[in-house]
Amino acid sequence: MASLQLKNIYKVYPSGVTAVSDFNLDIQDKEFIVFVGPSGCGKSTTLRMIAGLEEISDGELYIDGNLVNNVAPKDRDIAMVFQNYALYPHMTVYDNMAFGLKLRKVPKPEIDERVKEAARILGIEMYLTRKPKALSGGQRQRVALGRAIVREPKVFLLDEPLSNLDAKLRAQMRTEITKIHNRLATTFIYVTHDQVEAMTMGTRIVVMKDGFMQQVDAPQALYDYPINQFVAGFIGTPQMNFFAAKLTGTKNKVYVEFGEEKILLPKDKVDLIYNLDEYLNTDKEITFGVRPEDLHIEKDLVDKYPDSCMEVEVDVVEMLGSETLLYCKLRKSEEEQAQENPDEIKSIVDDVYNLVAKVDSRAQVKRGDVIKMLIDTQHCHLFDKETEMTIVARDQEARKAYLENKAEEAAKAAAAAEAGETAEGAPAAEAAQAAEEPKAKKNIFKDLFKKKKKPAETEEAETSEEEKKDE
Ligand SMILES: Nc1ncnc2c1ncn2[C@@H]1O[C@H](COP(=O)(O)OP(=O)(O)OP(=O)(O)O)[C@@H](O)[C@H]1O
Ligand SMILES: [Mg+2]
């Protein structure tokens with residue numbers, strides 16, 4: 001059981017690659033935190049820094065309130081299951097699981113008890129006398145988990161532990177790990193790039209991209225209130241539809257215009273836009289986001305809300321049994337239609353779908369149909385086209401806090417600009433910029449080439465090395 005605190009953590013590899021930038025996170029005791037993000041975004045690196053296998057280039061890591069940057073991995077009371085877990089091929093399952101405890105000189109009866117208990121939790125009791133090569137991938141995976149469980153660590157770090165399993169076993173192990181977490185009541189940090197795993201297992205999810213943390217939230221909040229276009233696109237399958245759009249109309253009746261479509265935004269949504277004036281009837285473009293599941297074709301709904309409907313042409317119908325995916329094209333403008341030459345042979349490659357809708361599998365739709373589609377505007381998303389950040393607050397309270405914060409920042413920048421002009425005669429613009437400079441931009445390279453003691457590897461790391469040698 002442990003809480004963790006990561007403060008302004010950076011990782012710059014000696015090659016110059018900045019793998020993690022300004023990572024800040026408070027992890028409560030017993031939480032199940034999931035790191036997700038595309039390949040190379042810094043998930044494993046962050047985990048390895050927590051384990052002590054990778055030096056922290058800058059920032060502070062606290063476990064239960066104690067600074068552990070320079071604490072050896074073996075003294076951090078953390079167990080890690082690696083992305084490419086490795087078992088000792090010449091040892092039985094029992095010995096593989098007992099090995100770490102033997103090294104720690106834990107009394108034999110206690111080792112026996114812990115190994116058997118872990119084997120029972122993982123359903124591998126009958127394999128205890130087998131060697132790893134006589135096990136399936138899924139069983140080996142469970143042994144690797146077992147090795148971590150017997151340690152009874154304060155924190156579990158799991159780096160894509162299910163990546164080698166087939167879909168069915170993966171789903172099964174997913175629930176097993178959740179059960180293990182409930183049972184052990186310990187802090188878990190779990191890395192995956194499978195968003196279903198992230199959504200179903202995490203108490204909170206950290207979405208990362210290019211070494212930067214994008215958003216930390218409970219799974220449902222992440223789905224409902226993505227902070228930017230990246231998170232919006234990353235969470236949810238098929239991914240959210242995005243349209244280049246503009247806001248038009250009046251303050252009381254705001255429309256989203258994209259392509260040939262004009263959709264009325266509900267008043268309560270409009271009221272949550274941080275700064276409507278910036279976008280309403282201006283040149284500033286937005287990105288309109290709609291999830292495939294928020295598009296509807298049921299006739300009664302379409303008839304009831306004509307202001308929220310668009311017209312699309314169905315291009316591909318994918319029947320998945322439980323639901324149907326419709327890949328559709330938006331209506332073309334008269335200009336575009338006029339430019340089209342009906343005799344021209346179209347390439348199928350550049351025939352791009354504009355949107356995907358997830359509809360009831362009983363819907364009677366076929367390729368070529370031109371249909372009306374209702375957008376559930378209560379659940380639509382609006383992003384600034386340039387910054388890709390959401391322009392809609394979660395609720396009025398969040399909107400108020402944001403605006404207050406902005407006003408404060410502006411006041412500070414103005415004050416700094418003035419001070420710069422009078423005190424040092426520095427150009428006002430420069431001073432203002434300096435005031436806005438994020439704290440994060442301190443010199444992160446300062447300690448990079450300072451010689452530090454190489455942290456001792458944990459026993460799992462040794463195991464991996466060992467296995468590599470064996471191979
Ligand atoms: N030892 C190293 N030296 C230099 N660069 C490294 C090293 N290890 C990782 N990197 C780089 O750091 C970045 C983050 O790598 P990391 O392994 O943390 O990604 P990841 O999110 O775990 O990706 P994946 O999902 O593929 O496992 C990548 O650009 C990677 O190439
Ligand atoms: Mg990784």
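**Figure 1. The largest nonpolar core of this predicted model.** Of the 107 residues in this core, the ones that touch the most other members are Val34, Ile50, Leu157 and Ile189. Domain 1 (4-225) and domain 2 (234-333 + 352-393) both contribute residues, so the core lies between them. Ile50 is a good place to begin looking. Setting aside its neighbours within four places in sequence, Ile50 is in contact with Leu4, Leu61, Ile78, Leu157 and Ile189. For a wider setting, the chain has 471 residues, of which 34% count as buried. Its secondary structure comprises 15 helices and 20 strands. Among contacts between residues at least 6 apart in sequence, 69% join residues at least 24 apart.

**Figure 2. Helix H1 and its buried residues.** Here we follow the helix that holds Ile50. H1 is mostly covered, with 9 of its 9 residues buried. Lys43, Ser44 and Thr45 are among these buried residues, and so are Arg48 and Met49. Just after the helix comes Gly52, which takes a positive phi of about 95°.

**Figure 3. The surroundings of ligand 1.** Ligand 1 is surrounded by 14 residues, and the closest are Tyr13, Ala19, Ser39, Ser44 and Thr45. Helix H1 (residues 43-51) returns in this view: the largest share of the shell, 3 residues, comes from it. Sorted by class, the shell has 9 polar, 4 nonpolar and 1 charged residues.

**Figure 4. The hairpin of S9 and S10.** Strand S9 (residues 204-209) pairs with strand S10 (residues 212-217) in the antiparallel sense, over 5 bridges. To find one of these links, look for Met208, whose bridge partner in S10 is Met213. There are 2 residues between the strands, and in this hairpin Asp210 takes a positive phi near 50°.

**Figure 5. An open sheet of 5 strands.** Reading across the sheet, the order is S15-S19-S16-S17-S18, with antiparallel pairing. Strand S15 (295-296) and strand S18 (355-360) are the edge strands, each pairing on one side only. Further in, strand S16 (residues 309-319) and strand S17 (residues 323-330) pair over 7 bridges in the antiparallel sense. Glu313 has Lys329 in S17 as its bridge partner.

**Figure 6. Thr129 in the loop between helices H3 and H4.** This loop runs between helix H3 (108-122) and helix H4 (137-150). Thr129 counts as exposed because it has 10 C-beta neighbours inside 10 Å. Not counting residues up to four places away in sequence, Thr129 touches Thr92 and Tyr94. Thr129 and Thr92 are 37 residues apart in sequence, yet 5.4 Å apart in space from C-alpha to C-alpha.

**Figure 7. Two loop residues with positive phi, Lys30 and Ala185.** Lys30 lies in the loop between strand S2 (18-27) and strand S3 (32-36), and its phi is near 75°. Because 16 other C-beta atoms lie within 10 Å, Lys30 is partly exposed. Ala185 sits in the loop between helix H5 (167-184) and strand S8 (187-191), and its phi is near 45°. Ala185 counts as exposed because it has 9 C-beta neighbours inside 10 Å.

**Figure 8. The cis peptide bond between Thr237 and Pro238.** Omega of this bond is about -15°. To place it along the chain, look for Pro238 in the loop between helix H8 (229-234) and strand S11 (241-250).

Note on methods: Residues are numbered from 1 along each chain as its sequence is written. Chains are lettered from A and ligands numbered from 1 in the order in which they are written. This is a predicted model: local features need pLDDT of at least 70, side-chain atom pairs count only at pLDDT 80 or more; totals for chains, interfaces and linings use all residues. Helices (H or I, at least four residues) and strands (E, at least two) are DSSP runs, numbered from the N terminus. A residue is buried if 20 or more other C-beta atoms lie within 10 Å of its own, exposed if 12 or fewer, and partly exposed in between; C-beta atoms are placed from the backbone. Two residues are in contact if their C-beta atoms, placed from the backbone, lie within 7 Å. Two strands pair if DSSP finds at least two bridges between them. A residue is near a molecule or strand if its C-beta atom, placed from the backbone, lies within 6 Å of it. Ala, Val, Leu, Ile, Met, Phe, Trp, Tyr, Cys and Pro count as nonpolar, Asp, Glu, Lys and Arg as charged, and the others, Gly among them, as polar. A nonpolar core is a set of buried Ala, Val, Leu, Ile, Met, Phe, Trp, Tyr and Cys residues joined through C-beta atoms within 7 Å. Domain bounds come from an automatic or database domain assignment.
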